[in-house]
Amino acid sequence: MSDQIVARGGVDDDHCPAPRDGRRRPSRHATAVRLPPAALEEPDWRRLPGWRDVGAAEWESAQWQRAHCVKNVRQLRTVMGGLLDEAFYADLERDQAERATMSMLVTPQMLNTMDVSSTEAFYADPVRRYMIPVFGDRRTDWPSHPYATRDSLHEAEMWAVEGLTHRYPTKVLAELLPTCPQYCGHCTRMDLVGNSTPSVDKHKFTVKPTDRHEAMLGYLRRTPGVRDVVVSGGDVANLPWPRLESFLSALLDIDNIRDIRLASKALMGLPQHWLQDEVRAGMERLAAKAQERGVHIAIHTHVNAAGSVTPLVAKAARAMLDTGVRDVRNQGVLLRGVNDTPEALLDLSFALLDEAGIMPYYLYMCDMIPSSEHWRLAVWEAQELQHAIMGYLPGFATPASCATSPTSASAGCTSSPTTTASAASRTGRRTTAPPWRRPTPTRSPGATSTTTRSTRSPRRAAPGGGPSRPRRRVGRTAHRRPPLHCRSSTGARAGAAAMIHAGFVAICSFE
């Protein structure tokens, strides 16, 4: 569909000064005009020698897709036959041995959307560039940012219990599992998700899944200030459906929970999973329960290129909307060589919105993980892209660009003797708990007052002067924002200031 977009505009040096590296910036007034979209097409998988005899019934089976994922160079060779030069496989093997932070795992659905007409076309394919990175893609002069870290958003440092990140006052992130049906090369949770690689020894959860999930629910039951839960991983599509439905149903039973977001790239990478009868029936039950309780359930997926939006993806998205969930939204990542032009972003956004009913939501800048600088755009480039796509989509469907600095994830913390043991075991360092989940310190007689946040519910006088009664803590009224000095330590502020000086903005968000 990329040929449906025509770009216009030039460089406006008066309003767009040259960056420090001397490259010319595109004008913020450059425009992109999109012509009517072409209909979605499911590429013919039988053009790939390894799948020449695969029928439609097998292709649309989630079980077949999982069983035939490409996990290594040998399997890729088998599928591709003689379509690619040996030089590509050597390039891939070197990357897997020296730089890759994620093990190789590509679903047939995703591999089928890549251009295999020639080795050169495969190298240039936007989906290949982030799903099957090769050594030749990486920067050799500057492979990693100086601030790059394994846990780039410092999520483990804010675990309330293992796998449950409580960074923001009213929102938590629940990492239910550490696996996905497919592994993106730029995964921000590369320290935990997937198998270890020669360059990265992955951390592992230490608590059994059922015990970990129950601990998460227990924390949410006794923390009425939380109203918003992002259920992620990994990818929730890898959790057996009965266990996922049980966890979500238990979430819906907690009075203060008002928003639940399911994070699943598999809606695009493995749409066959979300089209299974068991999953659709289960989502209908959950959506009905959510509507009865006044809770919003949304599904967040991760699509970076328009070519990934196929009829099966659109069918899966609309099937989820038909179950009664509030919305299906996309959270893409801005990646060089993938979607770093206005044309690519508009093509992606219109394909999502018009053809699949998926709401374009966020465009994250690639996080500062090791060996990712070849993907990362400069902030000014992201800003110019944001300006260039404004006005073509409805305001509610124009994706917002955002970035995180390495210190922004810890801006909600302050120095405290309280530590999170499970996070310390994962990261190997002492960590502090966010202010809204620290216990109230005890005070000895004669001690001076300490500014702190009480863990007890505020009380109010009963009518008629009777005994005071607890204030009901539900929804918006359940949280009092901690004072500014509780949300940013001196070290975090200094680190954020250094990143802003270096050209980075800090706008944090979970999925």
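Here a trainee and a mentor talk through how the labels on this predicted model are earned.

Trainee: Let's start with the big picture. How many helices and strands are in the protein chain?

Mentor: The chain has 17 helices and 13 strands. Buried residues account for 54% of its 511 residues.

Trainee: What makes C184 buried or exposed?

Mentor: Set the value against the cut-off. Buried means under 20% relative accessible area. C184 has a relative accessible area of 8%, so C184 is buried.

Trainee: And what about C402, buried or exposed?

Mentor: Try the comparison again. C402 comes in at 6%, which is under 20%, so C402 is buried.

Trainee: How do you know that C184 is in no disulfide?

Mentor: A disulfide needs two cysteine sulfur atoms within 2.5 Å. The nearest cysteine sulfur to C184 is that of C187, 6.7 Å away, so the pair fails the cut-off. The structure as a whole holds zero disulfides.

Trainee: On to helix α3. Which residues of α3 are buried?

Mentor: In α3, residues 73-80, the buried ones are V73, L76, V79 and M80. Viewed down the helix axis, these buried residues sit within an arc of 120°, so they line one face of α3. R74 and T78, on the other side, are exposed.

Trainee: What do the buried residues of α3 pack against?

Mentor: They pack against α4 (86-98), α5 (108-111) and α6 (119-124).

Trainee: What makes N72 a cap for α3?

Mentor: N72 caps the N-terminal end, with a side-chain oxygen 3.2 Å from the backbone nitrogen of R74. A polar contact is a pair of N or O atoms within 3.5 Å, and 3.2 Å fits inside that, so the contact counts. Just after α3, G81 takes a positive phi of about 60°.

Trainee: Now salt bridges. Why is the pair R227 and D259 called one?

Mentor: The rule asks for a side-chain nitrogen of Lys or Arg within 4 Å of a carboxyl oxygen of Asp or Glu. For R227 and D259 the closest N and O atoms are 2.8 Å apart, so the pair passes. This salt bridge links distant parts of the chain: R227 is in the loop between α8 (209-221) and β6 (228-232), D259 is in strand β7 (residues 259-263), and they are 32 residues apart.

Trainee: How do you know that D327 and R329 form a salt bridge?

Mentor: Their N to O distance is 3.5 Å, within the 4 Å limit, so D327 and R329 qualify. Both residues are buried. R376 and E373 also meet in a salt bridge, at 2.8 Å from N to O, and both of those are buried too.

Trainee: How many salt bridges does the count come to?

Mentor: The count comes to 17. Some residues join up further: R128, R129 and D137 are linked in a network of salt bridges.

Trainee: Aromatic pairs next. Why is the pair W59 and W64 called tilted?

Mentor: Two checks here. Ring centres must lie within 6.5 Å, and planes under 30 degrees apart are stacked, over 60 edge-to-face, the rest tilted. W59 and W64 have centres 5.7 Å apart and planes at 45°, so they are a pair, and a tilted one. Both W59 and W64 are buried, and together with W45 and W51 they form one aromatic cluster.

Trainee: What makes W159 and F205 a tilted pair?

Mentor: Their centres are 5.9 Å apart with 35° between the planes, so they pass the distance check and fall into the tilted class. W159 is in strand β3 (residues 159-161) and F205 is in the loop between β5 (171-175) and α8, 46 residues apart. Both are buried. The count of aromatic pairs comes to 10.

Trainee: One last check. Why does S308 count as buried?

Mentor: S308 is at 2% relative accessibility, and the cut-off is under 20%, so S308 is buried. S308 is found in the loop between β8 (296-301) and α13 (311-323). Leaving aside neighbours within four places in sequence, S308 is in contact with T113, V127, M268, V303 and V313.

Trainee: And H145, buried or exposed?

Mentor: At 11%, H145 is also under 20%, so H145 counts as buried. H145 is found in the loop between α7 (126-131) and β3, and a polar atom of its side chain lies 3.0 Å from the backbone nitrogen of Y147.

Conventions: Residues numbered from 1 in each chain as written. Predicted model: local features only at pLDDT ≥ 70, side-chain atom pairs only at ≥ 80, totals over all residues. Heavy atoms only, no water. Buried < 20%, exposed > 50% of the residue type's maximum accessible area, 1.4 Å probe, protein only. Helix = DSSP H or I, 4+ residues; strand = E, 2+ residues; numbered from the N terminus. Arc of directions from axis to C-beta. Contact = heavy atoms within 4.5 Å. Polar contact = N/O pair within 3.5 Å; in protein donor to acceptor, adjacent residues only side chain to side chain. Phe/Tyr/Trp six-rings, centres within 6.5 Å; stacked < 30°, edge-to-face > 60°.
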